2 protein chains.
Amino acid sequence: MILEAIGKFAERELLPLNSTGDREGARWDNGSVTTPSGFKQAYERFVQAGWTRLGHPEEHGGQPVPYALKLAGDEILNSANQAWCIYTHLGDGALKTLIRFAERDQVEAIVPKLVSGEWTGTMCLTEPQCGSDLNLLRTRAEPTENGRYRIHGSKMFISSGEHDWTDNIVHLVLARLPDAPPGTRGISLFAVPKRLPGPDGTLGAINNVHCVSIEDKMGLKASATCSMAFDGAEGWMVGPPNRGLNCMFLFVNKSRLGVAVQGVAQAEAAYQDSLAYAHERLAGRAPGSAREPADALVAHADVRRMLLTQRAVAEGGRALAYLCAKWVEIADGEDAAAHEEAEQRLALLTPIAKGVLTELAGEATDLAIQIHGGHGYIKETGVEQRARDIRIARIYEGTTAIQAMDLLGRKVLGPQRAVLGRFIDEIQVLCARAPAAGNERMVQRLQAAAATWRKVTDDIADKARSDAHLVGAIAVDYLMLSGYVTLGYLWAQAAEVSARRLADSGSDAAFYRAKRQTAQFYFDKLLPRMAVHQACIEAGSEAMLNVDDALRLAEA
Amino acid sequence: MILEAIGKFAERELLPLNSTGDREGARWDNGSVTTPSGFKQAYERFVQAGWTRLGHPEEHGGQPVPYALKLAGDEILNSANQAWCIYTHLGDGALKTLIRFAERDQVEAIVPKLVSGEWTGTMCLTEPQCGSDLNLLRTRAEPTENGRYRIHGSKMFISSGEHDWTDNIVHLVLARLPDAPPGTRGISLFAVPKRLPGPDGTLGAINNVHCVSIEDKMGLKASATCSMAFDGAEGWMVGPPNRGLNCMFLFVNKSRLGVAVQGVAQAEAAYQDSLAYAHERLAGRAPGSAREPADALVAHADVRRMLLTQRAVAEGGRALAYLCAKWVEIADGEDAAAHEEAEQRLALLTPIAKGVLTELAGEATDLAIQIHGGHGYIKETGVEQRARDIRIARIYEGTTAIQAMDLLGRKVLGPQRAVLGRFIDEIQVLCARAPAAGNERMVQRLQAAAATWRKVTDDIADKARSDAHLVGAIAVDYLMLSGYVTLGYLWAQAAEVSARRLADSGSDAAFYRAKRQTAQFYFDKLLPRMAVHQACIEAGSEAMLNVDDALRLAEA
């Protein structure tokens, strides 16, 4: 019921604003940001419907739902209008950090406003000289006499740093205390509202934080990406001094999972757009056809290759998001004994989901352009916007390389090695069961893939001891290989469930047949991509060393 | 000397207009098109410098140059401003068709004006219902009493169909005569000037051909992509009736080669931008480094992976373009006995160059965004524009799938099978020679790659006899596999030449060392991609058949 209602809202309110938002863009004028026509009104209706409360704790005004449901709703909203969603996107992870680490009166002052949607929030990490490497962070926080802090510094790429939707915006800001040690162990977290609420809750004057410009971007043009100047803006410290990153990394998995879901959303939408066009547009004749004047595009094998790739990415990606959601629910659930395993599973699966699903969403949206031909290159059909909008997902919340180094360097070659072993065991248990008739080849391929994943991991662990550059040289290949095995596991499960349902009842038969057809495609045409990543891993780091001549700057 | 002069022109006149052109775009108003500021002035200087004459026959005012030089110049110009180049881009292929097939007085009236740059030209193929499948073409041509024809119909996606650069534009239009047979054997070619020149050469009134709108596109915004209405516009027939496609396909190889060079141009520019940024931007520390405050991006193995991929694509692609140019020169040269082989080589290599180099240019420009991180997503750095501008190259002049079907369906499984055999023989001759010290592994890999190409081709020829869907299902994989072997052949040659030069003289040592380093990278990290295409070819068409459930339209 919730998803149907969200679906209607997305279709009626958000989808029509997707291309107009891209055309109009967010506009900056003297510190203010105006969102495109209709954006604010849609948000008002979103707030009225109570959708901002979804997934948040009841005691702060939220409406708890299973995490998979939350992600499913996010997918629907993002497939209709990713740029609009960004404004609503501080997320329950950031709220959990506030609830856990902020002082009680701050929690009471801020959290219910964020849950109700009366205010929105931002995360302020990036600075002009400091993106992926937070060691380089310079923003300063000076303690004041009233126990608060004054923040000084420049932040950039701040999504929704300023807008016209709400009276107030709470910035969660990373900054250094005066006596902080250098590097990432000297970073603290602060909550800095655009307007400080007084003791009675009324909002005071504008704090000394200003949006000095917004970016002109490739996509997500309706989303204001702000450069923020903190000129002694007043705020509270959240959590212990110098532990800002630890507080923040508590919710990094959820933020990254949110981005993975953006990938699923755009892949699904790209598939739906492409499928409709492929049924409507006539060109050429499939072998053996004599249709006049021509067949629809969907009759052609190469178009099917592209459509089925999109579908396999969208549906396989959705399954991976829900697998992560399962572990989120267990990690946040009542069975404390299960928390540790769930956290470890999430730590392993999140970089795979974020890294691989955004890469594949890039491919799926790009294929939509190709399927539409010349019509895909013009704005009218809307598919090129999806490719532009989703492009940033491979960069923000940690680039693909950051996900890859997290997976391989921090997790698999670190304390999470054993949990990978357990995950591969689980895949092999599935493979050891007798497959349904027709699924034998898929299961064989999955078995080989799982064995390869284990072997490749063992080899890397061996070689990395004597080659300090190995992990960096092959991490992205390892990430992609891991992703293809994981998606293979999920597609094999889908094929097994579908075979069972088709044999048992035959209801929803077309749905389950479609699943098996897509699974077959995945194993025939996408899983083989593992081979190239395996070969690149085996080739190691040699080709990236001693390349000074090739990578020397030309003299001016 | 010519290339240096073109380089200066491109750097001073065109490069500064690349981002401003993207921002301003071409503007349509009541049938007129205004190009962005500075575009027309740059063209005037281009014409004054005589660059439009390059590569054209002397008797029509041209300046003949080797075809490789022509392509090298085009690469430089396109790397500075692809959108601007489109206006100049009718090309010598179209001119050759005019010279060969048009009546002598038409040739004299039109060709010198196009060569001098006084006029520009277009190709009018696409119609709203008709893109890749020219069977569906509807535009009509009615004979008039004076031996001319009146053209009626709508054409779309016509590059430079209208602009403010020149007084006249010559449209080469595909249309059907009243008694024409259906399908592609009933299409004739016409030359339709915007303004008909009188007997004394002065231009008359505007012909009945009008630009009714221009497209709002993903990229190449400065290039006017026009919808043209032909409402009885007067023109001449070029070549025999109903043989328009044959006349046009005489120059299709050169048009496609021109697009391949656009890919090389954008890949090279993306590499140069990325390399500069990677030397300048600081983030993180490479293993073993203690540099304060951080290393430059170029120190990181994963960044090197991306940079070397770009470089291998740009330089390998350039070598492939020049290989094609060699065959163009032989095909157009004085040794008539060599024409047939040269035409066949071109027929084989052109779809590989066009299809594979535009695909890889998409990757290279996309990697530039990734290397720049968040800064790659904003317009300021210019790299996202390259990704948008080059995206159409995989679609226009025949999509990647069209190139793939041309290569596999028409050439390799058709009369050009033997020429592929001779090309693979040639690769194997290279492999049979003793490689220079250090090149052994590359040559081994190339040998295996060539053997795979031959085997895969034989297998496809066998299986295609009993599976009508096979060619369509695997053509793009076959194209890409062919491309990786071909680029491997060129990189192995580069490595051999470099080894020899380094041993012989040592002059330009850094240049040749860079070539060997990039070749090594190509063989370690890019050639292995063949494996996935081989696996997809072996998986055949099965996964694309019986997929009606997966590709059914959802009910509204």
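**Two chains, one surface: questions on a predicted model**

Modeller: In this predicted model, chain A and chain B meet through 78 residues from each chain. Residues are numbered from 1 along each chain as its sequence is written, and chains are lettered from A in the order in which they are written. Local features need pLDDT of at least 70, side-chain atom pairs count only at pLDDT 80 or more, and totals for chains, interfaces and linings use all residues.

Biologist: What makes two residues count as being in contact?

Modeller: Their C-beta atoms, placed from the backbone, must lie within 7 Å. By that rule, 78 residues of chain B and 78 residues of chain A take part.

Biologist: Which element gives the largest share of the side of chain B that touches chain A?

Modeller: α17(B), with nine residues. Helices here are DSSP runs of H or I with at least four residues, strands are runs of E with at least two, and both are numbered from the N terminus. Among the others that supply at least two residues each are α9, α10 and α16 (470-504) of chain B.

Biologist: How many residues of each class does that side have?

Modeller: 40 nonpolar, 19 polar and 19 charged. Ala, Val, Leu, Ile, Met, Phe, Trp, Tyr, Cys and Pro count as nonpolar; Asp, Glu, Lys and Arg as charged; the others, Gly among them, as polar.

Biologist: Why are the two copies said to be related as by a two-fold rotation axis?

Modeller: A rotation of 180 degrees, with 0.0 Å of shift along its axis, superposes chain B on chain A at RMSD 0.0 Å. The copies are therefore related as by a two-fold rotation axis. The fit is by least squares on C-alpha atoms of residues with pLDDT of at least 70 in both. The same surface serves both copies, as 100% of the contact residues of chain B recur in chain A.

Biologist: Why is A:L220 called buried?

Modeller: A residue is buried if 20 or more other C-beta atoms lie within 10 Å of its own, exposed if 12 or fewer, and partly exposed in between; the C-beta atoms are placed from the backbone. A:L220 has 28, so A:L220 is buried. This residue sits in the loop between β10 (209-214) and β11 (225-238) of chain A. Its phi is near 45 degrees, a positive value in a residue other than glycine.

Biologist: And what makes B:E397 buried?

Modeller: B:E397 has 21 other C-beta atoms within 10 Å, so B:E397 qualifies. Its phi is also positive, about 60 degrees, although B:E397 is not a glycine. The loop between α12 (383-391) and α13 (400-412) of chain B holds this residue.

Biologist: Which peptide bond into A:P293 is cis?

Modeller: The one from A:E292, with omega near -5 degrees. In chain B, the bond from B:E292 to B:P293 is cis, also with omega near -5 degrees. Most peptide bonds are trans.

Biologist: What makes the largest nonpolar core a core?

Modeller: A nonpolar core is a set of buried Ala, Val, Leu, Ile, Met, Phe, Trp, Tyr and Cys residues joined through C-beta atoms within 7 Å. The largest such set has 375 residues, and A:F190 and B:F190 have the most contacts inside it. Not counting residues up to four places away in sequence, B:F190 touches several residues, including B:Y149, B:I151 and B:W236.
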